[in-house]
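Reader: Hello! I am new to this structure and would like a close look at a single part of it, with enough of the surroundings to find my way. Please walk me through it at an easy pace.

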Amino acid sequence: MPVGNAKRLVGAPPEPPLIVLRNVGKAFGAIEALRNVSLDLRRGDVLGLVGDNGAGKSTLVKMLAGAHDPTSGEILLDGVPHLLSPPAQALRLGIETVYQDLSLVGSFTAAENFFLGREIAWGKGPALFRWMRRRAMMDAAVKGLEDLHIEIPRIRTQPVDRMSGGQRQLAAIARGAFWGSKLLLLDEPTAALGVRESREVLDLITRLSARGLTILMVTHNLEHLWSVCNRVVVMRRGTKVADMESRDTTMEEVVAFITGAKGERDLAGAPLANHGA
Amino acid sequence: MRRSEVAGAGALAGRAAGAPPTGRLRRSEATSRALRFVSTYGTILALVAMVIVFTILQPDTFATVDNVRNILNDMAIGAIVAAGLTIPLVGGDFDLSIGYVASFSGLLVVGLLSNSQWPIVLAVPVVMALGTLIGLVNGLIVSKIGVNAFIATLGTGTVVVGLNYAYSGGIPLQLTHAMSFTDVALGRVWGIPHLVLAMALVLGLLWLMLNRTVQGQHIKAIGVSAESARRAGIGVDRSRIVAFAIAGFCAATGGILMASNLGSGQVAAGDGFMLTSFAAAFLGSAALREGQFHIVGTFIGILTVAVGNNGLAMIGAPIFVQYLFSGTLLVVAVALSGLGRRYARR
């Protein structure tokens, strides 16, 4: 255990989890996409979120990304209730999202995408009077990618839509890691990739985790999940049906939860949804 | 889950997502490369071809310094209006009101000078501000209310025609006071016409805005993917409004210069800028960049139209040929631009 944490154990209360979802629900009109979901995300977790289509995974991710507000319950960041919307607010709070379609601007270079909406510029006030410091942005982005050992040919000049799918995904995740001081949300990071490219993305996720970044990753691929995640959360029909350390379970068991062949289980310590409510 | 299944699914999904294909192509490589070439250099090839043909046909008059100055002078106002239109186009929005804004601005500035006897230094900024305001209204209707830009700007443009008729009664206005107003367009500095200098200034500023300021970066991002921009925290609505305001400002500037050039305010003199601006912008999107609008492209587009008209007039082509030329050019330009977008990133 690191020295800092050991000292803290002596007197101060333990650090709260990074994110706490407390009885969170989300309804779109009459449709309840999420019901009474409670979830603790501890610092350094790499959490794999699985479930069938329509189980509520995307709604949960969009909520953490600030795209939706919960219609019931609350979200605590560092122990303090926070409104994460709009998306710009979530970004300010250190939560970065890599959406399935990557959210990159195709005709821009990786560096331009890194700083999209957060350009380094001379001057203040309206964007019209702010002069971009292109060299500074380029250098910072290239350094950010080098730090993560991501090698993309012609990184300084190549628009991202000339890159391969795997390179684009690496660049998108690197952008998230570059800005995401607290939490990185990954929506199906390997869905569109071949075997070798998936491997590179999973290696990157492992490297980011080793640096202490907390990661929540939605996936359909249990093999990919097992190779990087220390926790598995299974969603089914808008509720959380399992929350386990991945070393304590098996793929067969997770599949059983996904399909509904098995009931609820919680080994990670967070209280499950209160069905009396 | 077996490993082979995972691999198969990954490979299929990769192809569906548009990753560079490794095997067969739907179209042959040579065809698609040729189409990409035409869509990237088509406009420039057409321009060079015309210059060569007209130089051969009219060796004594076409390729002369005087005629180059004529061409640049004739195209300057159109270039200013078209470059303004290019900004919302880069952001993914059409603006059909620019021609009517130019007409009204030209008429109004003459009216303010002659009828109201305002000084030039007051009348010109007021009309420029009014054009910017019309652009702001366009942007607000399109972004905040969510009306399709095509319909919204056709509507506001028609309202501007109404304002034009309400102000003028449909009768052209002659410049009767502040006669020095004509110097604004007709003057020269070191032999270079003011209009050409104004064109260089406006196009230079717009190029810097689009390529060097944060605002320009945001407008470009919105044009490629508004959703990506929104997710990155960019104020999409604000950027669209700014783009329309710039187009309105340039349309008004063009109208004022046109009135100065004519020495009068004509009710519909600027309406034609709409078509030539779109033709130039689309021609420009088939110059150097694959189907993207950009300022340098729009300049090349306007130059192509101007060289064509100048050369045709010089070889004595009847007036109907110039219309055939302009119309055909517009259709070809849009076709080239579409090709560019379709084959750009394959």
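Author: Chain B is built from 14 helices and four strands, and, like everything here, it comes from a predicted model. Its 346 residues would give a radius of gyration near 20 Å if they formed a compact globule, and the 23 Å of chain B agrees with that. Along the principal axes, the C-alpha trace of chain B spans about 85 × 55 × 35 Å. Buried residues account for 49% of the chain. Among the contacts in chain B with a separation of 6 or more, 78% join residues that are 24 or more positions apart.

Now for the interior. The largest nonpolar core has 171 residues, and those touching the most other members are A:Leu185, A:Val234, B:Ala79, B:Ile80, B:Val81 and B:Val109. The helix that gives the most to this core is α11 (residues 236–262) of chain B, with 15 residues. B:Val81 is a good place to pause. Setting aside neighbours within four places in sequence, B:Val81 is in contact with B:Ile98, B:Ala102, B:Cys250, B:Ala251, B:Gly254, B:Phe273 and B:Ser277.

For another kind of setting, look at B:Phe150, which sits in helix α6 (residues 149–168) of chain B. B:Phe150 counts as partly exposed because 13 C-beta neighbours lie inside 10 Å. Beyond four places in sequence, B:Phe150 is in contact with B:Phe94 and B:Leu96. B:Leu96 is 54 residues away along the chain, yet the two C-alpha atoms are separated by 6.7 Å.

Chain A, the home of our close-up, has nine helices and 13 strands. With a radius of gyration of 19 Å, close to the 19 Å that the globule rule gives for 277 residues, chain A is as compact as a globular protein of that length. Its C-alpha atoms fill a box of roughly 55 × 50 × 40 Å along the principal axes. In chain A, 47% of the residues count as buried, and 64% of the contacts with a separation of 6 or more are between residues 24 or more positions apart.

Here is the close-up: helix α5 (residues 134–147) of chain A. This helix has 14 residues and reaches 20 Å from its first C-alpha to its last, close to the 20 Å expected at 1.5 Å a residue. Its buried residues include A:Met137, A:Met138, A:Ala141 and A:Leu145. Viewed down the axis of α5(A), the buried residues fall within an arc of 100°, so they line one face of the helix. In general, an α-helix has 3.6 residues a turn, so residues three or four places apart point the same way. The cover over the buried residues of α5(A) includes α4 (110–114) and α6 (165–179) of chain A. Turned away from that buried side is a face carrying the exposed residues A:Arg135, A:Lys143 and A:Glu146. Just after α5(A), A:His149 takes a positive phi of about 55°.

Finally, a word on confidence. Chain A has a mean pLDDT of 86, with 90% of its residues at 70 or more. Within chain A, confidence is highest in strand β10 (residues 214–218), at a mean of 95, and lowest in helix α1 (residues 3–10), at 45. Residues 1–9 of chain A have a pLDDT below 50, and this stretch has one contact in the model beyond near neighbours in sequence. Residues 269–277 of chain A also stay under 50, with 15 contacts beyond four places in sequence. Where pLDDT is low, the predicted coordinates should not be read in detail.

Technical notes: Residues numbered from 1 in each chain as written. Chains lettered and ligands numbered in written order. Predicted model: local features only at pLDDT ≥ 70, side-chain atom pairs only at ≥ 80, totals over all residues. pLDDT = per-residue confidence, 0-100. Helix = DSSP H or I, 4+ residues; strand = E, 2+ residues; numbered from the N terminus. Contact = placed C-beta atoms within 7 Å. Expected span 1.5 Å × (residues − 1). Buried ≥ 20, exposed ≤ 12 C-beta atoms within 10 Å, placed from the backbone. Arc of directions from axis to C-beta. Core = buried A, V, L, I, M, F, W, Y, C linked by C-beta atoms within 7 Å. Rg over C-alpha atoms; globule rule 2.2 N^0.38 Å.
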